[in-house]
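User: I would like a close look at a single part of this structure, along with whatever surrounds it. Please keep the account brisk.

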Amino acid sequence: MKLKYFSHSAFQVTTNSGTKILIDPFFDGNPTSPVRSDDVNADYIILTHAHGDHLGDAMKIAKKGKVLIICVNELANYLIEKGFDAHNMHIGGGYNFEFGRVKFTIAHHGSKTPDGQYAGEPAGVLLFIDGKIIYHTGDTGLFYDMKLIGEMNAVDYMLLPIGDNFTMGIDDAVKAVELTNPKVAVPMHYNTFLLIKANPLEFKEKVEKTGHKCRVMDFGEELDL
Ligand code: NI
Ligand code: MN
């Protein structure tokens, strides 16, 4: 399995059998993204919530081919009304797709579409793919139930925001890593805009002081997991 980071909260998972899954594909309005929506294709798109920097270019990319968008019920219904294929899920629920299992978790944040429609609760997502567990927390503040998520799931890669202002900042994110206990922490949602300026190397240093591993991914970098 491969994990690619585009910057902000946008990742792509490519499974061993070649299925491409985009998470929070924010490219065209994202000054740090190394790609544009024209350059990217997907079989599935997973959305954590409907804010413009997460819904991003999902609709543009989904229009290019046969793409199933996976997200919480209210946002899925919004997309279905616009003619897209979506799979309605909700927090606490998991479903086995052909590529693996997706389970939604809580996230403490807001959610509304860029055109002002109610989009349900924001979420985090657990991916169970090719024997690995990836936890993309979505936009969230620190919460103690991350300990429960970590106790019930041996998380391999935890993708979590460090940019502060709208989400956890560095110190809260370090605590989130301690609570969840992943094999590797990967910082996201930083340096896209001035308001979320943060130094990922400071996060890495602080995570390593707790005895955990951190991998700062470059914008555009792809890892073999
Ligand atoms: Ni948000
Ligand atoms: Mn955001």
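Analyst: His51 is partly exposed, at a relative accessible area of 24%. Asp139 is buried, at 3%. (Buried means under 20% relative accessible area, exposed over 50%, partly exposed in between, with a 1.4 Å probe and protein chains only.) The model is predicted, so local features need pLDDT of at least 70 and side-chain atom pairs 80 or more, while totals for chains, interfaces and linings use all residues. Residues count from 1 along each chain, chains are lettered from A and ligands numbered from 1 as written, and side-chain values use heavy atoms, without hydrogens or water.

Both residues hold the nickel ion (ligand 1). The other two residues in that site are His49 and His109. The donor atoms are NE2 of His49, ND1 of His51, NE2 of His109 and OD of Asp139, at 2.2 to 2.3 Å. (Donors are N, O and S atoms within 2.8 Å of the metal, or 3.2 Å for Na, K and Ca; water is not among the atoms, so sites may look incomplete.) Along the sequence, these residues follow the spacing H-x1-H-x57-H-x29-D. His51 and Asp139 link distant parts of the chain, 88 residues apart. His51 sits in the loop between strand E4 (44–46) and helix H1 (52–55). Asp139 sits in the loop between strand E10 (132–136) and helix H4 (146–152). (Helices, H or I with at least four residues, and strands, E with at least two, are DSSP runs numbered from the N terminus.)

Asp139 also serves a second metal. The manganese ion (ligand 2) lies 3.2 Å from the nickel ion (ligand 1), and Asp139 coordinates both. The manganese ion (ligand 2) is held by OD of Asp53, NE2 of His54, OD of Asp139 and NE2 of His189, at 2.2 to 2.3 Å. The donor spacing for this ion reads D-H-x84-D-x49-H. Asp53 lies in helix H1, and His189 lies in the loop between E12 and helix H6 (200–209), so this pair ties together parts that are 136 residues apart in sequence. Asp53 and His189 are buried.

Now follow the chain back from Asp139 to E10, the strand before its loop. Of the 5 residues of E10, 4 are buried, so the strand is largely enclosed by the rest of the structure. E10 belongs to an open sheet of 7 strands, with mixed pairing and the order E7-E8-E9-E10-E11-E12-E13. (Two strands pair if DSSP finds at least two bridges between them.) Strand E7 (94–97) and strand E13 (213–214) stand at the edges; each has a single partner strand, so one side of each is left without a neighbour in the sheet.

On one side, E10 runs antiparallel to E9, through 5 bridges. Phe128 stands opposite Ile133 of E10. The hairpin of E9 and E10 leaves 2 residues between the strands, and Asp130 takes a positive phi there, near 50°. E10 also pairs with E11, this time parallel, through 3 bridges. Tyr135 has Met158 in E11 as its bridge partner. Further along the sheet, 6 bridges join strand E8 (100–106) to strand E9 (123–129), again antiparallel. In that pair, Val102 has Leu127 of E9 as its bridge partner. Helix H5 (170–180) packs on the sheet, where it touches E10, strand E11 (157–161) and strand E12 (184–188). (Contact means heavy atoms within 4.5 Å.)

H5 has a long list of buried residues: Ile170, Ala173, Val174, Ala176, Val177, Leu179 and Thr180. Their cover includes E10, H4, E11, E12 and H6. Just after H5, Asn181 takes a positive phi of about 60°. Asn181 is placed in the loop between H5 and E12. Leaving out residues up to four places away in sequence, Asn181 touches Val155 and His212.

Next comes the core. The largest nonpolar core has 76 residues, and those with the most contacts inside it are Ile45, Leu79, Val102 and Phe203. H5 gives the most to this core, with 6 residues. (A nonpolar core is a set of buried Ala, Val, Leu, Ile, Met, Phe, Trp, Tyr and Cys residues joined through side-chain atoms within 4.5 Å.) Phe203 touches Ile170, Ala173, Val174 and Val177, among others. These four are also among the buried residues of H5. The contacts of Phe203 further include Leu160, Ile162, Ala185, Pro187 and Cys214, with residues up to four places away in sequence left out.

Definitions and conventions
Axes fitted to C-alpha atoms, helices over the stretch in contact; angles between N-to-C directions.
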